[in-house]
Amino acid sequence: MTRTKSEIISALTNPGIIAVVRAQKSEQVIPLSEALLAGGVIAIEITMTTPNAIAAIREAREKLGDRAVVGVGTVLGAQTCRAALEAGAEFVVTPICRTELVAIAHSADRPIMIGAYTPTEAQTAHEAGADFIKIFPADTLGPGYIKAIRAPLPHLRVVPTGGVDVGNAADFLKAGCAALGVGSSLVSAKILQEADWPELTRRAAEFVNAARQARKS
């Protein structure tokens with residue numbers, strides 16, 4: 001089945017944990033994805049910094065089917081964006097304000113998340129048609145910044161990335177974030193080096209639980 005853009009958006013925001021995967025080898029992608037799924041994380045962003053990322057996205061889409069929402073991250077240009085969509089990427093993420101990618105993603109009926117750091121960049125990305133605004137890097141900004149930026153710009157669907165951990169996940173969601181991009185605090189270099197998939201499942205479940213509790217309150 002091919003999901004519609006609105007179905008993908010719904011899957012990205014519930015439970016709202018998007019695993020940012022910078023795998024060291026492309027063959028890690030399937031086992032780490034299975035470990036994430038076992039912990040309840042269904043949104044998996046395979047970054048272009050992963051070796052053979054396009055092939056890894058294609059394989060993940062084939063092997064994981066509808067159990068996961070597989071997207072592409074660290075997209076810097078149109079050619080990469082098109083190649084990833086052709087390989088089956090269900091969402092596109094760029095860490096920078098590349099508004100020309102919106103039309104490419106939307107022509108494939110796929111949502112796109114555009115990077116921003118300032119209120120002006122965030123609003124520019126929104127006006128260009130971005131489905132989500134990736135506030136990056138969020139580690140020096142924190143939940144207070146999200147709350148402040150959304151006071152005058154409540155229409156922004158913000159996804160902070162960089163610096164999100166299980167300790168502050170709830171605070172980010174309570175500040176009004178639509179979802180959270182979670183990288184090394186979930187898929188750590190140590191887990192990848194040791195292929196410690198049970199630990200990855202445990203961490204994934206911890207993040208999902210934190211997100212669900214935050215949404216309830």
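In this predicted model, T74 counts as buried, because its relative accessibility of 18% falls under the 20% that sets the limit for that class. The residue is placed in the loop between β3 (69-73) and α4, and its backbone shows a phi near 55 degrees, a positive value in a residue other than glycine. A positive phi is also found at A195, which is not a glycine either and for which the angle is about 50 degrees. A195 belongs to the loop between α9 (189-194) and α10, and with 39% relative accessibility it counts as partly exposed, whereas T74 counts as buried.

Two further features of the backbone concern peptide bonds that precede proline. The bond from N14 to P15 is cis, with omega near 10 degrees, and P15 lies in the loop between α1 (5-13) and β1 (17-21). A cis peptide bond also joins F136 and P137, where omega is about -10 degrees; the proline of this pair, P137, is located in the loop between β6 (132-135) and α7 (142-150).

The elements that these loops connect belong to a secondary structure of ten helices and eight strands. The radius of gyration of the protein is 16 Å, close to the 17 Å that the globule rule gives for 217 residues, so the protein is as compact as a globular protein of that length. Taken along the principal axes, the box filled by the C-alpha atoms has dimensions of roughly 45 × 35 × 30 Å. Of the 217 residues, 53% are buried. When contacts with a separation of 6 or more are considered, 60% of them are accounted for by residues 24 or more positions apart. The protein exposes an area of about 9,000 Å², of which carbon and sulfur atoms supply 52%.

The interior can be illustrated by T94, a residue of strand β4. T94 is buried, since its relative accessible area is 0%, and the limit for a buried residue is under 20%. Apart from residues up to four places away in sequence, T94 touches V75, L101, M113, I114, G115 and K134.

A contrasting case is V166, which is situated in the loop between β7 (158-160) and α8 (169-174). V166 has a relative accessible area of 35% and is therefore described as partly exposed, the class that lies between the 20% and 50% limits. When its neighbours within four places in sequence are left aside, V166 is in contact with E206, F207 and A210. For one of these partners, A210, the separation in sequence is 44 residues, while the distance in space from C-alpha to C-alpha is 6.9 Å.

Charged residues were examined next. The protein carries 22 positive and 21 negative charges, and the mean positions of the two sets are 3 Å apart. A search of the whole structure finds ten salt bridges, among them one in which the side chains of E90 and R61 meet with an N to O distance of 3.5 Å. This pair links distant parts of the chain, 29 residues apart, with E90 in the loop between α4 (78-86) and β4 (92-94) and R61 in helix α3 (residues 53-64). Both partners, E90 and R61, are buried.

Other salt bridges are found along helix α10 (residues 197-216), where E199 and R202 are three residues apart and therefore separated by about one helical turn. The side chains of E199 and R202 meet in a salt bridge with an N to O distance of 2.9 Å. R202 is partly exposed, with a relative accessible area of 43%, a value in between the limits of 20% and 50% that bound this class. E199 also forms a salt bridge with R203, for which the closest N and O atoms are 2.9 Å apart. R203 and E199 both lie in helix α10, and their spacing of four residues again corresponds to about one turn of the helix. Together with E206, the residues E199, R202 and R203 are linked in a network of salt bridges. E206 is, in addition, one of the residues in contact with V166.

Definitions and conventions
Residues are numbered from 1 along each chain as its sequence is written. This is a predicted model: local features need pLDDT of at least 70, side-chain atom pairs count only at pLDDT 80 or more; totals for chains, interfaces and linings use all residues. Side-chain values use heavy atoms; hydrogens and water are left out. A salt bridge is a side-chain nitrogen of Lys or Arg within 4 Å of a carboxyl oxygen of Asp or Glu. Helices (H or I, at least four residues) and strands (E, at least two) are DSSP runs, numbered from the N terminus. Buried means under 20% relative accessible area, exposed over 50%, partly exposed in between (1.4 Å probe, protein chains only). Contact means heavy atoms within 4.5 Å. The radius of gyration is taken over C-alpha atoms; the globule rule is 2.2 Å times the number of residues to the power 0.38. Accessible areas come from the Shrake-Rupley method with a 1.4 Å probe; for residues, only the protein chains shown count as cover. Lys and Arg count as positive and Asp and Glu as negative; His and the chain ends are not counted. The place of a charge is taken as NZ of Lys, CZ of Arg, CG of Asp or CD of Glu.
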